Amino acid sequence: MNAAPPVRTVCPYCAVGCHLDLLVENGRVAGLEHAVDSPVNGGRLCAKGHAALEIVNHPDRLQNPLQRSASGWVPVSWDRALDTAAERIRNILAAHGPEALAFLSTAKGSNEENYLVQKLARALGSNNVDHCARLCHASTLTGLGPMLGMGAATNALSDLRQSECLFFVGSNLAENHPVAFRWVQEAKDRGARILVADPRRTPTAWIADLHLPLKPGTDLALLAGMLHVIFQEGLQDDAFIARRTRGVEALRASVQHTDPLWAARITGVPARDIVRAARLYAKARRASLIYCMGVTQHVHGTETVRACADLALVTGHIGRAGSGLFPVRGQDNVQGACDMGALSGLLPGYRPVTDPDARTFFEKAWGLPSGTLAAAPGLTVTEMEQAAGHRVRGLIAIGENPVVTSPDSRRTRENLKRLDFLLVVDLFLTETAELAHLVLPAAAWAEKSGSRTNTDRRVQWSPKAVDPPGEARPDWKIITDLAHRLGWDSFFPYGSPEDILEEIRRVVPAYGGMSPRRLATAAEGIPWPCPDETHPGTPVLHEHRFATEDGLARLYPIEFLEAPELPDADFPYCLTTGRVTLHYNSGAMTRRSPSLASRSPYLFVEIHPEDAAREGLHHGDRVRVVTRRGALEAQAHITGSVSRGVVFAPFHFPETNALTQNVLDPSAKIPEFKTAACRLEKVKGAGP
Amino acid sequence: MNAFLHVDFRRCTGCFACEAACRTAHGGACRVHLAFADGLPVPLMCRQCENSPCAAVCPEEALVWDKTHGVVLLVERCTRCGLCAVACPFGVLSVDPFGRPNVVKCDLCLGRRAEGKRPACVLTCPTEAITDEPDRPLKRRRLAGSVPPIAARPFSESLPAPMGKEGGVQGGFRGKNPR
Amino acid sequence: MKETPADRRLIIDLEKCFGCFACAAACPEKHIAFTDHEGLRRFRAPSLCGAQCDACRKACPVDAIVLEEVASEEPRPALIELTWGLPLTRCRTCGEAFTTEKIRQSLSDKLAALLGSADLALDRIPLCPSCRRDDEAQRMRSATRTLPDPLP
Amino acid sequence: MEQSVKERVMVRLERCVGCRSCEMACRVAHSRGGTLLAAVCEEPRPSRRIFVEQAADSPVPFLCRHCEDAPCVRCCPTGALAFDEDSRLVIYTGQRCIGCHACIMACPFGVIQTGGGDGYVVKCDRCPGRDLPACVEACPTQALVLEGRFVSDRRRRTAARFVEAARGAPHVEDMLASGSP
C-alpha cells in the first residue's frame with residue numbers, strides 16, 4: 001500500500017465512541033476506512049460517522065479570528081484577538097467582579113480542554129462554568145448521585161447483549177446510537193425481551209416485544225405503577241434489598257396507591273401492559289434499564305431518574321454483567337466534561353464546590369492562593385442565559401450553540417445581544433457566533449489530540465491526524481494562551497494535551513491510572529475508575545459496594561407530579577421533541593453536511609392521522625405549531641407512529657426550541673424540553 | 001459469499017448507514033436506496049436478478065449475470081441507452097448519459113472485494129440487516145420461530161415464550177410438543 | 001460545425017427512433033443533444049456531420065441512424081439543424097416524466113413476452129424509479145405483515 | 001391431471017431425532033439421477049428443501065408450509081410463485097421467475113433458498129411425482145407425516161389423555177412415545 005497508515009481517531013458524534021480510521025494525504029483528510037478490527041464498532045459506522053469528513057473539510061470552516069466591527073466581521077490576528085479578549089475580560093472583572101463572567105464549556109471538547117476551561121473560570125474566582133450536560137443528563141447526576149454515589153452508566157454498552165430483558169425508557173437508541181443498537185439486536189436474537197416506553201413508535205420500538213406508548217411526561221407514573229406490581233406480586237429481590245440498600249420501606253409505602261389502573265389512567269398505557277412489563281423486567285435473570293432524555297429532560301427529571309434507579313435496585317438488576325442501569329449520553333465527551341468538573345457546582349472528580357476540603361485540595365494542587373476558589377455554586381447553562389445581559393456581563397462559549405439548544409430560545413437570543421462581551425470559539429459561524437463580539441476558529445476532532453470519555457465511562461485517546469485549516473487552533477491552546485494573557489501563565493504551563501492529562505491524573509483519582517501512553521495503546525480505552533497504572537479499569541460499577549459513604553444504595557420514595565403545562569382547550573396537543581437519525585443536537589455540524597442534509601433537509605412535525613383529520617391537514621402540508629412562547633412553521637408528516645394528541649418535532653432546527661418551556665427541574669436545573677402544550681394551524685396557500 | 005445482498009428489512013432501523021457507506025465506498029452517487037413504506041424502511045439495492053429484466057432488454061448484452069459477481073456491467077459494450085434503468089422493476093438502477101460511471105448500480109463492491117474486504121453496506125450495517133451470507137439470516141429466521149418480530153404491532157396480544165426456556169421451538173408447527 | 005468535403009448526411013428514421021439517448025451519449029463531439037421539457041423529449045442534431053466516426057450509428061439500439069455519403073457530383077446540401085421529439089411518459093403515481101412513451105411500450109411488450117405474463121410490465125413499468133422503490137417497499141412490508149397500525 | 005388437494009407435511013416434534021434422513025431423501029428426490037449414488041456424485045450438488053436445525057433442546061425440521069396467503073407470493077413481482085387453489089400448494093414456476101430473490105427475503109420461515117433446478121430459487125414442491133413426499137417416506141421415526149394422519153393422531157392422543165386422566169393413570173405419554181401410533 002502507498003501513503004501513511006490510517007490514523008485511528010474517535011468519532012466526534014455520539015457517546016458510543018466508535019473508531020474512525022482516517023486516511024491522510026498531503027496533510028488533508030482524504031478518506032475514511034472502516035475500523036474492522038476495532039472492538040468498539042467492528043467496522044460499523046452510522047450515517048453521521050460517515051459524514052464526519054464533510055465537517056473537517058468543510059469550506060465554511062472558520063480560518064481566522066473574527067472581530068465584529070461596525071461594517072461587519074473583520075479578520076484579525078491571533079495576538080490582537082487574544083489581547084482584545086483578555087482586555088475585555090479584565091474590564092468586566094474590574095467593573096463587576098468574577099460573578100459577572102460565565103464560561104460555557106463543551107462536551108465536544110476533550111477531557112483536557114474541559115479541565116482547562118473550568119480551571120480558568122475557577123482561577124478567576126467564578127463558578128459560572130457549565131456545559132450542555134445541563135440540558136441532557138444533569139438530572140442523572142442529581143438523581144443517581146445520592147442514590148448510588150455516582151451518576152454514570154453502570155456497565156459497558158456491550159453488556160447489553162448479555163441481558164435477557166432490556167427496558168428502554170425515553171430512549172431511542174436505534175436512531176441516536178445506531179452502532180450501539182447492534183448489541184440490543186444481538187440480545188434479541190438470543191431471545192431477550194425488549195420493552196420500550198416511548199410516546200412514539202421509534203425504530204427502537206419496532207423490535208420491541210412490548211411497546212408502552214405513554215403520554216409525554218408521565219414516565220414517573222409508569223415506573224411507579226411497575227414498582228407497585230413488583231411489590232404486590234413479591235417480585236422484588238429481597239436479599240439484594242436487605243444487603244445492599246436502605247430505605248425500602250419508604251419506597252414501598254410511596255407506591256402503595258400507585259396501582260396499574262391508576263398508572264393506566266395517567267399514562268394512557270393499558271394496565272395489562274404495565275403489569276406485563278413489570279413482570280418481564282423483574283423476572284428476568286439479567287435485565288438492563290436504558291434511559292435517556294425522555295426521562296431526564298423534564299421538570300421532574302431527577303424524580304424520574306430516581307424511579308428508574310429504584311426499579312433497578314429493588315429487582316437487583318444492578319452491579320452484575322448484563323444487569324445495569326444505562327443513562328445513555330448524547331455527546332462524545334459529555335461524560336468526560338462532567339468528570340472534569342465543567343459543571344457549576346462540581347469540581348473535577350465530582351467534588352462539590354461547597355466542600356471546603358475539596359477547595360483546599362484544588363487550591364493546593366493548582367498552586368493558587370488560599371481562598372481563590374469560590375464556595376457558592378455558580379450559574380448553570382440555563383441560568384447563565386437568563387442572567388446574560390443582566391448579572392452576567394461577559395460570556396465565553398466554547399463549541400456551544402445556545403441559540404438553538406436552549407429552551408425558549410427567542411429570549412436567549414435577546415439576552416445574548418445585551419452582553420458586554422460574547423466570545424465564541426467554534427468550527428463554524430453558528431447562530432450564536434453571529435451575535436458574538438469575537439469569534440475564534442477552533443480545531444475539529446481530527447486536528448487535535450486528547451482523551452474523551454464515552455457513555456460507558458471508557459476513556460479513549462484520539463490522536464491528531466491533520467493540521468487545522470488556516471489559523472484555527474485547538475481549544476486547549478486557545479484557553480492556555482488566554483490564561484497567559486490574563487496573567488495566570490505560571491498556572492497554565494502546558495505544551496501539549498499530554499501535559500494536561502498528567503495533571504488530571506494527579507487531581508482526579510478515577511483517572512489516576514490513565515497515562516497518555518497507556519491510553520494511546522488501549523484498543524478500546526480504559527473504563528474509569530482506574531486509580532493506578534496497574535489497574536485494568538472498571539467495566540461494571542457497584543459490583544460489591546455502592547459509591548456512597550456506607551456502601552449502601554439509597555432507595556427514594558416516589559411522588560408523582562404532573563407536567564407543568566398540560567394540554568387545554570386553547571392548546572390541545574402535547575408537543576414533544578427529540579432527535580432524528582441524520583441530525584445531531586443543534587445541527588451545527590449535520591445541517592452543514594451535504595449528504596445528511598440532503599436526506600433530511602427541512603423541519604417537519606409528526607402528527608397522528610386522527611388529529612390531522614380534525615385539523616384538516618394532509619401529509620406534506622405546511623403547518624404552524626403554536627405554543628404560549630412562539631410558533632414554528634414546518635411540513636406536516638402524518639404518521640401513526642405518534643400517539644393521538646402528541647405532536648413531535650426534531651430539535652435540530654433553530655425553530656423548535658423557540659417553543660419549549662423554560663421551567664427548570666429544581667435540583668438539576670434541567671429545562672422541560674419534552675412537553676409543551678401547543679395548537680396546530682394550517683398554513684394557507686402553500687403546497688408541499 | 002452469494003452473488004446478492006440479502007436484506008432482512010425487519011431488522012432495519014432506518015439509520016441510513018448503508019447509504020452513507022455506499023457513498024463513501026463509491027465516492028459519489030449512492031447505490032443503496034432506503035425506501036419507506038408508512039415510515040418503515042426497506043433498504044433496496046440491485047437484487048442481482050439471475051434472469052434480470054435489465055439484462056434482457058439490453059440491446060448490446062452489456063449486462064450479464066455471473067455466479068460470483070451478480071449482474072455485471074461490461075462497460076466497453078454499454079452504449080448508455082438507458083433501457084436497463086426503465087426495465088428494472090425495483091428502480092435501483094440509473095443511467096447517466098454523460099457521467100462516469102455510466103450505469104449506477106450495486107456492483108457488490110467489486111473493488112473492495114478484490115482487496116479482500118466485504119461490501120461497505122454489509123460491513124457497516126449495525127443490525128446485520130444487510131448481509132452477503134444469506135444462510136445466516138435464514139437459519140436465524142428458522143430458529144426464531146414463525147412470527148417475525150412484533151415490529152409494527154402496537155400491543156403484543158400474545159408473547160411467545162423465548163427460545164430455550166420451555167423447550168422446543170414455540171409457535172412454529174401445528175404439531176407442537178404437547179407437554 | 002465546419003463543412004468539409006467528407007461531410008456525411010445524418011438521416012434519422014423517425015419510425016424506428018424510440019427516444020433513448022445512446023446517440024447523444026456516444027457522440028464524441030457532443031453534436032447530438034436532447035432535453036426533456038414539458039412532456040416531450042426533444043433531440044437536436046446537425047444534418048451533416050464531418051466527424052470520421054459512426055459512433056452514433058453503432059450505438060443506436062434500433063438502427064434508426066443512417067450516415068449517408070454525399071456523392072461528390074451532387075450539389076452540396078445546406079447544413080440545417082434536425083430536430084425531432086418524442087412524447088414522454090409520466091409516472092402513474094407521481095406524474096414525473098421518466099422515459100419516452102415509445103420506450104415504455106416497447107419494453108412492456110418485450111418483458112411480457114419474456115416472462116410469459118404481463119405482471120411485471122403492468123405493475124412496475126408505468127412507474128418512475130423512485131415510485132418503483134416505494135412500491136417495492138410497500139409490497140415487501142405488506143407481504144410480510146410488517147406494516148403498522150396507527151398508535152391509539 | 002390427477003388433481004386434488006395435496007396434503008401438507010406436518011412435523012411431530014417430539015419424535016424427531018435429528019437423523020437428517022429427510023434432508024438426504026430430499027436431495028435424492030430432487031437430483032437428476034434420482035438415486036442416492038447419482039445424487040452424491042452430481043455437480044452442482046442437488047439442493048434440499050427441508051432443513052433440520054438444532055434448536056435449543058431438540059432438532060426441528062423446517063420446510064415450506066405452503067401458506068395460503070403467503071408473503072413470498074405477495075411480494076413476487078412476476079407471479080412466479082403462486083398459490084394453486086386446486087392442490088392448495090404454493091407453486092413455483094421457473095419460467096416466469098426473474099431471480100430477484102425477493103421471496104427469500106420475505107419468507108418468515110427462511111425455507112426458500114437460492115439454487116439450481118428449473119428456476120432460480122428452490123423451495124418444497126411437495127414432490128409432484130410422488131404420492132408420499134420423499135422426506136415423509138424416509139423419516140425413520142415418522143416425525144414427518146401428512147396432514148390427515150397428523151390431525152387424527154393428535155386427536156387420538158388428546159382423547160387418550162383425557163381417558164387416562166379420568167382413570168388416574170399418568171403413563172399414556174410414555175406409552176405413546178415408545179410404542180407405534
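**Exercise 1.** Which side chains meet E53(D) in a salt bridge with K139(B) as its partner, and how does that fit the rest of the B–D interface?

*Solution.* Start with the pair itself: E53(D) and K139(B) form a salt bridge at 3.4 Å, N to O, where the rule wants a side-chain nitrogen of Lys or Arg within 4 Å of a carboxyl oxygen of Asp or Glu. Across the chain B and chain D interface, the rule finds one salt bridge. Next, the helices and strands (DSSP runs: H or I, at least four residues; E, at least two; numbered from the N terminus): β1 (6–7) and α6 (135–143) of chain B each supply at least two residues to the side touching chain D. With six residues, α6(B) gives the largest share of that side.

This is a predicted model, where local features need pLDDT of at least 70 and side-chain atom pairs pLDDT 80 or more, while totals for chains, interfaces and linings use all residues. Residues are numbered from 1 along each chain as written, chains are lettered from A and ligands numbered from 1 in written order, and side-chain values use heavy atoms, without hydrogens and water.

**Exercise 2.** How many residues of chain A and of chain B are in contact?

*Solution.* Taking contact as heavy atoms within 4.5 Å, count 40 residues of chain A and 39 residues of chain B. Then look for salt bridges: the rule finds three across this interface. R140(B) and D189(A) meet in a salt bridge at 3.9 Å, N to O. Finally, α8(A) brings five residues, the largest share of the chain A side that touches chain B.
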